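Visitor: Please walk me through this model. I would like short answers.

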Amino acid sequence: LAMLALRTREGIDIEAFQEMTGLDPRAIFDEAIRIHEAAGLLERTDTHIRLTEAGLDLADQVMRDFVG
């Protein structure tokens, strides 16, 4: 779910993810989010986690850290 959503322009809808899984994606993906946010590949808002323009070009690299 998270990997498919992250590949879209909208990204992961935090509330929808929580409703579907009972988990907070900010907590379970915290390390990957922090690493890629610092590298400019992800952005986090109050409602979404999404790839930046630069992140879209490196989506496979970012995904590995979300699943690994």
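The questions below cover the core, the salt bridges and two loop residues.

Guide: This is a predicted model, in which local features need pLDDT of at least 70, side-chain atom pairs count only at pLDDT 80 or more, and totals for chains, interfaces and linings use all residues. Residues are numbered from 1 along each chain as its sequence is written, and side-chain values use heavy atoms, with hydrogens and water left out.

Visitor: Which helix gives the most to the largest nonpolar core?

Guide: A nonpolar core is a set of buried Ala, Val, Leu, Ile, Met, Phe, Trp, Tyr and Cys residues joined through side-chain atoms within 4.5 Å. Buried means under 20% relative accessible area, exposed over 50%, partly exposed in between (1.4 Å probe, protein chains only). The largest core has 16 residues, and helix 1 (2-6), helix 2, helix 4 (30-38), strand 3 (48-51) and helix 6 (59-67) each supply at least two of them. The most, 4 residues, come from helix 6.

Visitor: How many residues apart are Asp60 and Arg7?

Guide: They form a salt bridge (side-chain nitrogen of Lys or Arg within 4 Å of a carboxyl oxygen of Asp or Glu). The closest N and O atoms of Asp60 and Arg7 are 2.4 Å apart. Asp60 sits in helix 6 and Arg7 in the loop between helix 1 and strand 1 (12-13); helices (H or I, at least four residues) and strands (E, at least two) are DSSP runs, numbered from the N terminus. The separation in sequence is 53 residues.

Visitor: Why does the pair Arg9 and Glu53 tie together parts distant in sequence, and how many residues apart are they?

Guide: This salt bridge has its closest N and O atoms 2.7 Å apart. Arg9 is exposed at 57%, and Glu53 is exposed at 55%. Arg9 lies in the loop between helix 1 and strand 1 and Glu53 in helix 5, so the parts they join are apart in sequence by 44 residues.

Visitor: Is Thr52 buried or exposed?

Guide: Thr52 lies in the loop between strand 3 and helix 5 (53-57). Beyond four places in sequence, Thr52 touches Gly40, Leu41, Leu42 and Glu43 (contact: heavy atoms within 4.5 Å). Its relative accessibility is 17%, so Thr52 counts as buried.

Visitor: Which backbone nitrogen does the side chain of Asp24 reach?

Guide: Asp24 is in the loop between helix 2 and helix 3 (25-28). At 23% relative accessibility, Asp24 is partly exposed. Its side chain reaches, at 2.8 Å, the backbone nitrogen of Arg26.

How values were computed: Polar contact = N/O pair within 3.5 Å; in protein donor to acceptor, adjacent residues only side chain to side chain.
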